[in-house]
Amino acid sequence: MTMARVLRGDIVADALCSRVAEEVLRLKAGGVAPGLAVVLVGDDPPSQVYVRRKLIKAREVGIRSFEHRLPAETGEEALLTLIGTLNADPLVHGILVQLPLPPHISAGKLLDAIDPSKDVDGFHPVNVGRLSIGNDGLIPCTPLGCMLLLDEVVTEFRGLKAVVIGKSNIVGKPVALLLLERECTVTVTHIHTRNLPDIVRGADIVVVAAGSPRLVRGDWVKPGAVVIDVGITRVVDDDGNARIVGDAAADEMDHAAVVTPVPNGVGPMTIACLLSNTVKAARRR
């Protein structure tokens with residue numbers, strides 16, 4: 001029996017981080033020290049973990065980090081003032097506001113206030129617009145990571161059928177646009193799409209980012225397909241044991257050509273692409 005290739009995102013991410021570190025050295029030799037400012041509001045445990053990982057990786061590749069940890073009761077105006085300060089700071093080339101934010105703060109208003117040239121998350125409407133017309137803006141990190149993983153295993157995208165499951169502004173919509181740029185024929189779906197299994201069965205590439213554990217079953221995926229699993233959920237089995245699973249039932253997909261694991265799949269690519277975007281922003285300024 002043939003086995004699907006497991007495409008380890010952590011290995012691809014390490015290679016990307018090595019290239020980023022080399023670019024940081026070149027920029028520093030030219031008098032530019034890339035700087036990343038991270039803003040964390042409140043004490044949400046997962047957010048604290050994510051921020052810590054990002055800052056550790058930033059230091060590893062030589063990017064200077066500026067950390068702003070603020071109490072959950074911080075007002076919206078105070079945050080907007082901080083963003084304005086970071087926009088004007090020549091030492092800061094990238095600004096990341098860790099989501100989610102406390103409910104009294106408008107995430108949209110805050111993200112819109114970031115200078116698009118420093119928006120290393122790629123969420124500003126200017127960068128979204130650049131992505132939609134194929135301009136060279138800053139691309140959201142997770143979709144960019146998905147495409148870099150696909151580049152590892154797909155030599156020709158033109159004409160391939162791609163199905164994206166999930167319509168979020170963070171992953172689903174951007175990755176669909178990136179696949180369209182590669183001249184794939186793209187179908188965007190979600191968990192309420194009718195006849196979803198039948199739609200997925202026709203796909204050469206499946207990108208699933210629905211936030212629904214083990215949604216995509218083995219019999220949804222045709223032989224030889226490439227499956228990129230963006231989902232990550234902590235579940236507890238009948239014996240009370242906790243484990244992390246993705247949106248795809250990878251153990252049922254030996255007939256696929258390639259499957260990304262969860263964890264160690266798309267997640268590490270997201271952080272690596274954040275660092276790559278920071279260097280890209282520094283180089284442009």
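**A tour from the α1/α9 contact outward**

Select α1 and α9: G9, D10, V12, A13, L16, C17, V20, E23, V24 and L27 in α1 meet P268, M269, A272, C273, L275, S276, V279, A282 and R283 in α9. The model is a predicted one. Helix α1 covers residues 9-29 and α9 covers residues 266-284; their axes are 9 Å apart and the packing angle is about 20°. That makes the two helices, α1 and α9, roughly parallel. Their crossing is left-handed.

Step back next to the loop between β11 (258-259) and α9, where P263 lies. The peptide bond joining V262 and P263 is cis, with omega about -5°. A cis bond also joins L99 and P100, with omega about 5°. To find P100, select the loop between β4 (94-97) and α4 (107-112). As background, most peptide bonds are trans.

Now display the strands. An open sheet of six strands runs in the order β1-β11-β8-β7-β5-β6, with parallel pairing. Strands β1 (5-6) and β6 are at the edges with a single partner strand each, so one side of each has no neighbour in the sheet.

Within this sheet, select β5 (residues 161-165) and β7 (residues 205-208), which pair in the parallel sense over four bridges. Which residue of β7 does V163 stand opposite? The residue is V206. Add helix α7 (residues 172-181) to the view: α7 lies across β5, β6 and β7 and runs at about 170° to β5.

From β6 (185-189), follow the chain into the loop that leads to α8 (196-201), and select N195 there. N195 is a residue other than glycine with a positive phi, near 55°. For context, most residues other than glycine have a negative phi.

Then select R182 and F157. The charged end of R182 sits over the F157 ring, 4.8 Å from the ring centre. A search for aromatic pairs, with ring centres within 6.5 Å as the cut-off, gives a count of zero.

The last stop is a hairpin formed by β9 and β10, with five residues between the strands. Strand β9 (residues 233-236) and strand β10 (residues 242-245) run antiparallel and are joined by four bridges. Select V235 and look across to R243 in β10, which stands opposite. In the turn, G240 has a positive phi of about 85°.

Technical notes
Residues numbered from 1 in each chain as written. Predicted model: local features only at pLDDT ≥ 70, side-chain atom pairs only at ≥ 80, totals over all residues. Heavy atoms only, no water. Pairing = 2+ DSSP bridges. Phe/Tyr/Trp six-rings, centres within 6.5 Å; stacked < 30°, edge-to-face > 60°. Lys NZ or Arg CZ within 6 Å of the ring centre and 35° of its normal. Axes fitted to C-alpha atoms, helices over the stretch in contact; angles between N-to-C directions. Parallel < 35°, antiparallel > 145°, perpendicular 65-115°, else oblique. Left-handed = near helix turned anticlockwise from the far one by under 90°. Contact = heavy atoms within 4.5 Å.
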